[in-house]
Amino acid sequence: MPVARSVLELIGETPMVEVSQLSPNPNVRFVVKLEGRNPAGSVKDRVALSLVEQAESDGILEPGRPGQVLLEPTSGNTGIGLALVARMKGYHLKVVLPANVSVERRQLLEVWGAEIIESPGEEGSNGAITMALRLAQEHPDWHMLYQYGNPANPAGHYRTTGPEIWRDCPEVTHLIAGLGTSGTLLGVGRYLKEQNPKIEVWAVEPPAGERVDGLRSLDDGYVPPIFEQLGGAQLLDRKTVVRPRESIEVTRRLLTEAGLFVGISTGAVAAGAIRCAKQIPDGVSAVIVIISADDGWKYLSSGTWTDDIDVVTKRAENTIYF
Ligand SMILES: Cc1ncc(COP(=O)(O)O)c(C=O)c1O
């Protein structure tokens, strides 16, 4: 591997690993793509770079010009990815996030140099989005990248994540990922279906009113504009609903059975993969690619790997870890 000229060149090219020991069906292989290996720790590094580079090529941002402000509502990983990209390119980043986020997340944003603007905790990420949209109207000189409505989000996955999966695991039959902004599913799903239309794309979401960090239910009152604009409903073959407790259980299994220390949304996605594998008829073989959005570090204070499962599930109702 050649020496990178900048940390931004280290975004992408993440490894994939077999975790078929979690598959309930002997004919179905599980392969995880480890997006936690990106430099700021999540799949969102790709999106952050894509959003900023698109604004630069549109002439909205200009690297090196002083006083340029970026604004983004984020319940976590995108803020950290953007904070890395903004720091390297010399932009000032303001992040709107709910008041009840975990201490790790706040600290990480501060470490990277982002400015935090709090939105009401009880309104969750929808409240952060509303506040950021209002701030963007009040300050037309601040540039809101808006991952929920910006096609550069799925485009980053279409250009990088999708081709990497196809190159490294061309035997893929199913893609399964969490639904947050829907950027991963739209970008990777479209790329893979263009290579092989038989590949199925499955989304994992929590039930309406329950929370798995990083994911959202489309029935909770907000459908990301990119999902509607880019035909998300037509692209997805299935949606599967996974509850927080099950997400935590499978997050633990990923560690104990496969040695993977990954975030709680990966547990949710792997729980969806287990469901998918059970539905594949006897004698049919399949390879399910599971997107792991991030690693476990930021969720340590949730007690996911250490505390009683009932306590962890209850705690996750009140604190947004990521
Ligand atoms: C931890 C985590 N998992 C999954 C997702 C979902 O990814 P996407 O926004 O591409 O739908 C996110 C998005 O923020 C996330 O932070």
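**Notebook: cores, ligand shell and single residues**

I began with Thr74: setting aside neighbours within four places in sequence, Thr74 is in contact with Gly79, Val95, Val96, Leu97, Pro98, Arg105 and Gln147. Contact here means heavy atoms within 4.5 Å.

Before going on, I noted that this is a predicted model, in which local features need pLDDT of at least 70 and side-chain atom pairs count only at pLDDT 80 or more, while totals for chains, interfaces and linings use all residues. Residues are numbered from 1 along each chain as its sequence is written, and side-chain values use heavy atoms, with hydrogens and water left out.

**Thr74, continued**

I placed Thr74 in the loop between β3 (69-73) and α2 (77-89). Helices (H or I, at least four residues) and strands (E, at least two) are DSSP runs, numbered from the N terminus. Is Thr74 buried or exposed? Thr74 counts as buried because its relative accessible area is 4%. The cut-offs are under 20% relative accessible area for buried, over 50% for exposed, and partly exposed in between (1.4 Å probe, protein chains only). I also found a polar atom of the Thr74 side chain 3.3 Å from the backbone nitrogen of Gly79. A polar contact is a pair of N or O atoms within 3.5 Å; within protein, one must be able to donate a hydrogen and the other to accept it, and residues adjacent in sequence count only if both atoms are side-chain atoms.

**The nonpolar cores**

Next I looked up the cores. A nonpolar core is a set of buried Ala, Val, Leu, Ile, Met, Phe, Trp, Tyr and Cys residues joined through side-chain atoms within 4.5 Å. The largest one has 34 residues, and those with the most contacts inside it are Val28, Phe30, Ile176, Val204, Leu260, Ile288 and Ile290. Which elements give two or more residues to this core? They are β2 (28-34), β8 (200-205), α9 (244-258), α10 (264-279), β10 (286-292) and α11 (309-318). Of these, α10 gives the most, with nine residues. Another core lies apart from this one; it has 26 residues, among them Ala55, Leu82, Ala83 and Leu145. I wrote down a general point beside this: in soluble globular proteins, nonpolar side chains tend to be buried together.

I then listed the contacts of Ile176, again without neighbours up to four places away: Trp202, Val204, Thr240, Val269, Gly272, Ala273, Ile288, Val289, Ile290 and Ile291.

I checked Leu175 as well, which lies in strand β7. Leu175 is buried, since its relative accessible area is 0%. Its C-alpha is separated by 4.9 Å from that of Val289, 114 residues away along the chain. Beyond four places in sequence, Leu175 touches ten listed residues, including Ile165, Val188, Leu192, Trp202, Val289 and Ile291.

**The ligand**

Which residues come nearest to the ligand? Of the 15 around it, they are Lys44, Gly180, Thr181, Thr184 and Ser265. A residue is near a molecule if one of its heavy atoms lies within 4 Å of it. I noted three distances from ligand oxygen atoms. One is 2.6 Å, to an N or O atom in the side chain of Lys44. Another is 2.7 Å, to a polar backbone atom of Gly180. The third is 2.6 Å, to an N or O atom in the side chain of Thr181. The protein covers 95% of the 380 Å² of accessible area that the ligand has on its own.

The shell divides into four nonpolar, nine polar and two charged residues.

**Loops and positive phi**

I found Gly36 in the loop between β2 and α1 (44-57). Gly36 counts as buried because its relative accessibility is 10%. Which residues does Gly36 contact beyond four places in sequence? They are Gly41, Ser42, Ser292, Ala293, Asp294 and Asp295. Gly36 and Asp294 are 258 residues apart in sequence, yet 3.9 Å apart from C-alpha to C-alpha.

I then looked at phi. Tyr146 is not a glycine, but its phi is positive, at about 55°. Tyr146 lies in the loop between β6 (142-144) and α5 (152-168), and it is buried, with a relative accessible area of 16%. Ser182 also is not a glycine and has a positive phi, near 80°. I found Ser182 in the loop between β7 (174-178) and α6 (183-195); Ser182 is buried, with a relative accessible area of 2%.

Methods:
Accessible areas come from the Shrake-Rupley method with a 1.4 Å probe; for residues, only the protein chains shown count as cover. Ala, Val, Leu, Ile, Met, Phe, Trp, Tyr, Cys and Pro count as nonpolar, Asp, Glu, Lys and Arg as charged, and the others, Gly among them, as polar.
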